[in-house]
Amino acid sequence: MVTLSEVRRDPIVRSRVSIISPIRGLRPKELTFVRHETLNISKCPFCRGNEEMTPPATLVVKYEGGCLKFLRDSLNSTVGDWLVRIVPNKYPIFTRESPNAYGYHEVVIEHPEHNVNIYDMSVEHLRLAFLAVFHRIKELYNDPSIRHAYLFKNFGGGGGASLPHPHMQLVATSTILPSVYEELRYSKAIYGKLGNCPYCKLLEGEVSSPRLIYMNGEFAVITSYAPRNSYEAWILPLKHMSDPLKLSDGETSAFADAFSKLMNAYSKCLGTINLNFWLHMSPKGSKHKSYYHWHLEVLPITTLWGGLEKGGNAYVIASSPEDSANELRESLR
Ligand SMILES: [Zn+2]
Ligand SMILES: [Zn+2]
Ligand SMILES: [Zn+2]
């Protein structure tokens with residue numbers, strides 16, 4: 001039996017649609033990109049012990065005397081025994097020298113070991129990595145020219161990664177990225193109409209919908225209603241907050257737990273699949289800041305985008321978000 005396609009508009013970014021088309025899943029083979037890279041570890045600039053291969057760290061997280069410390073390298077000495085290390089990108093997209101693309105571009109080395117990928121990382125280590133990111137964003141926000149921070153990860157060749165050592169990238173810029181600008185603008189409009197942000201409104205329905213994958217006391221993990229790839233998922237704080245910079249210790253742990261559950265479910269259902277994720281948070285000091293609801297969007301590379309996706313902003317999806325969520329949820333049982 002052929003099931004008819006269904007067009008869905010993203011509930012927040014109204015310019016984007018998905019075409020849920022189960023018949024596409026019946027094609028001989030949906031392309032998947034699994035990671036295959038190998039690199040000589042002695043030459044990896046992100047491995048512990050090779051600190052001299054990167055510019056001095058702007059932030060280092062490590063335990064000293066049982067206490068968690070946030071330190072930084074000096075010009076002539078590097079901090080050893082680190083757990084998470086943030087360094088300036090050697091090939092920066094944004095720099096403080098370029099007036100038209102002003103900003104910072106840094107690499108968050110998530111783990112000292114080369115072969116620990118995002119799917120294997122412990123909740124505790126993920127907590128440290130996110131703590132480091134939030135700490136560093138607060139420091140970058142001391143620069144009065146910086147308006148916005150954006151964290152993203154490219155995992156595997158299909159995700160656009162150039163080095164396999166576990167890392168994320170952090171940019172802080174003087175301009176607001178278009179996707180966040182659009183979400184912010186829509187959030188303000190909905191707040192004006194309904195007195196509530198569109199993500200809070202979305203959560204009211206999603207926590208009891210077939211798209212819920214996992215929920216703890218602070219965060220919900222859901223599949224996107226109108227995904228760009230099958231299995232696209234979002235992690236949203238249950239409480240309305242514009243950015244993650246004031247998360248309590250308990251909330252940061254809950255975020256790491258939600259993230260880890262999603263990675264766990266992906267690895268069970270899709271293997272060590274290539275992916276991207278990015279963190280959307282309110283720009284610094286925006287007058288619309290209070291309307292915004294921060295979140296993490298995760299996009300596994302389950303298929304390669306074609307002309308309809310790239311030129312039409314219409315994403316053809318073979319596995320419905322409800323079926324994907326069911327599969328991911330069941331894998332966590
Ligand atoms: Zn390495
Ligand atoms: Zn909200
Ligand atoms: Zn978003």
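Two strands pair if DSSP finds at least two bridges between them. Keep that rule in mind for the close-ups below, which come from a predicted model.

**View 1. Strand S13 and its two partners.**
Strand S12 (residues 275-280) and strand S13 (residues 295-300) are joined by 6 bridges and run antiparallel. With at least two bridges needed for a pair, S12 and S13 count as paired because 6 bridges join them. S13 also has strand S11 (residues 233-237) as an antiparallel partner, with 3 bridges between them. Now look for glutamate 297 in S13: tryptophan 278 stands opposite this residue, and tryptophan 234 stands opposite glutamate 297 too.

**View 2. The open sheet of 11 strands.**
Let's step back to the sheet that holds these strands. Its 11 strands follow the order S4-S3-S5-S6-S8-S7-S12-S13-S11-S10-S9, the pairing is antiparallel, and the sheet is open. Which strands are at the edges? They are strand S4 (67-71) and strand S9 (212-215), each of which pairs on one side only. From one strand to the next, the twist averages 20°. At the S4 end, 5 bridges join S3 to S4, and these two strands run antiparallel. To find your way there, look for valine 60, which stands opposite leucine 71 in S4.

**View 3. The open sheet of three strands.**
Here is another sheet to trace by eye. This open sheet has 3 strands in the order S1-S2-S14, and its pairing is mixed. Strand S1 (6-9) and strand S14 (314-317) are the edge strands; each has a single partner strand, so one side of each is left without a neighbour in the sheet. The twist averages 25° from one strand to the next. Strand S2 (residues 17-20) runs parallel to S14, and 4 bridges join the two. Two pairs help you line them up: isoleucine 19 stands opposite valine 316 in S14, and isoleucine 20 has isoleucine 317 as its bridge partner. S14 also has two faces to compare: Tyr315 and Ile317 are on the covered face, while Ala314 and Val316 are on the uncovered one.

**View 4. Helix H1 and what covers it.**
Follow helix H1 (residues 123-140) from one end to the other. Its 18 residues reach 26 Å from the first C-alpha to the last, close to the 26 Å expected at 1.5 Å a residue. Which residues of H1 are buried? They are His125, Leu126, Arg127, Leu128, Ala129, Phe130, Leu131, Ala132, Val133, Arg136 and Ile137. The cover over the buried residues of H1 includes strand S3 (59-64), strand S5 (84-88), strand S6 (103-109), strand S7 (148-155), strand S8 (167-173) and H4.

**View 5. The largest nonpolar core.**
Next, find the residues that gather in the core. The largest nonpolar core has 74 residues, and those touching the most other members are Val108, Ala132, Ile213, Val221, Ile235, Ala258 and Leu262. Helix H4 (residues 249-270) gives the largest share of this core, with 10 residues. Try zooming in on alanine 258: leaving aside its neighbours within four places in sequence, this residue is in contact with Tyr214, Asn216, Phe219, Val221 and Ile235.

**View 6. Where helices H4 and H6 pack.**
Stay with H4 and bring its partner helix into the frame. H4 and helix H6 (residues 321-331) pack at an angle of about 105°, with their axes 8 Å apart. That angle makes H4 roughly perpendicular to H6. Ala265, Lys268 and Cys269 of H4 make the contact with Glu327, Leu328 and Ser331 of H6. H6 also lies across S9 and strand S10 (219-223), running at about 40° to S9.

**View 7. Two loop residues with positive phi.**
Finish with two loops. Aspartate 81 is in the loop between S4 and S5, and its phi is positive, about 55°, although this residue is not a glycine. Tyrosine 231 is in the loop between S10 and S11; its phi is near 75°, also positive in a residue other than glycine. Is each residue buried or exposed? Aspartate 81 counts as exposed because it has 10 C-beta neighbours inside 10 Å, and the cut-off for exposed is 12 or fewer. Tyrosine 231 has 28 other C-beta atoms within 10 Å, so it is buried, the cut-off for buried being 20 or more.

Definitions and conventions. Residues are numbered from 1 along each chain as its sequence is written. Chains are lettered from A and ligands numbered from 1 in the order in which they are written. This is a predicted model: local features need pLDDT of at least 70, side-chain atom pairs count only at pLDDT 80 or more; totals for chains, interfaces and linings use all residues. A nonpolar core is a set of buried Ala, Val, Leu, Ile, Met, Phe, Trp, Tyr and Cys residues joined through C-beta atoms within 7 Å. Two residues are in contact if their C-beta atoms, placed from the backbone, lie within 7 Å. Axes are lines fitted to C-alpha atoms, for helices over the stretch in contact, and angles run from 0 to 180 degrees between N-to-C directions. The expected span of a helix is 1.5 Å times one less than its number of residues. Angles under 35 degrees count as roughly parallel, over 145 as roughly antiparallel, 65 to 115 as roughly perpendicular and the rest as oblique.
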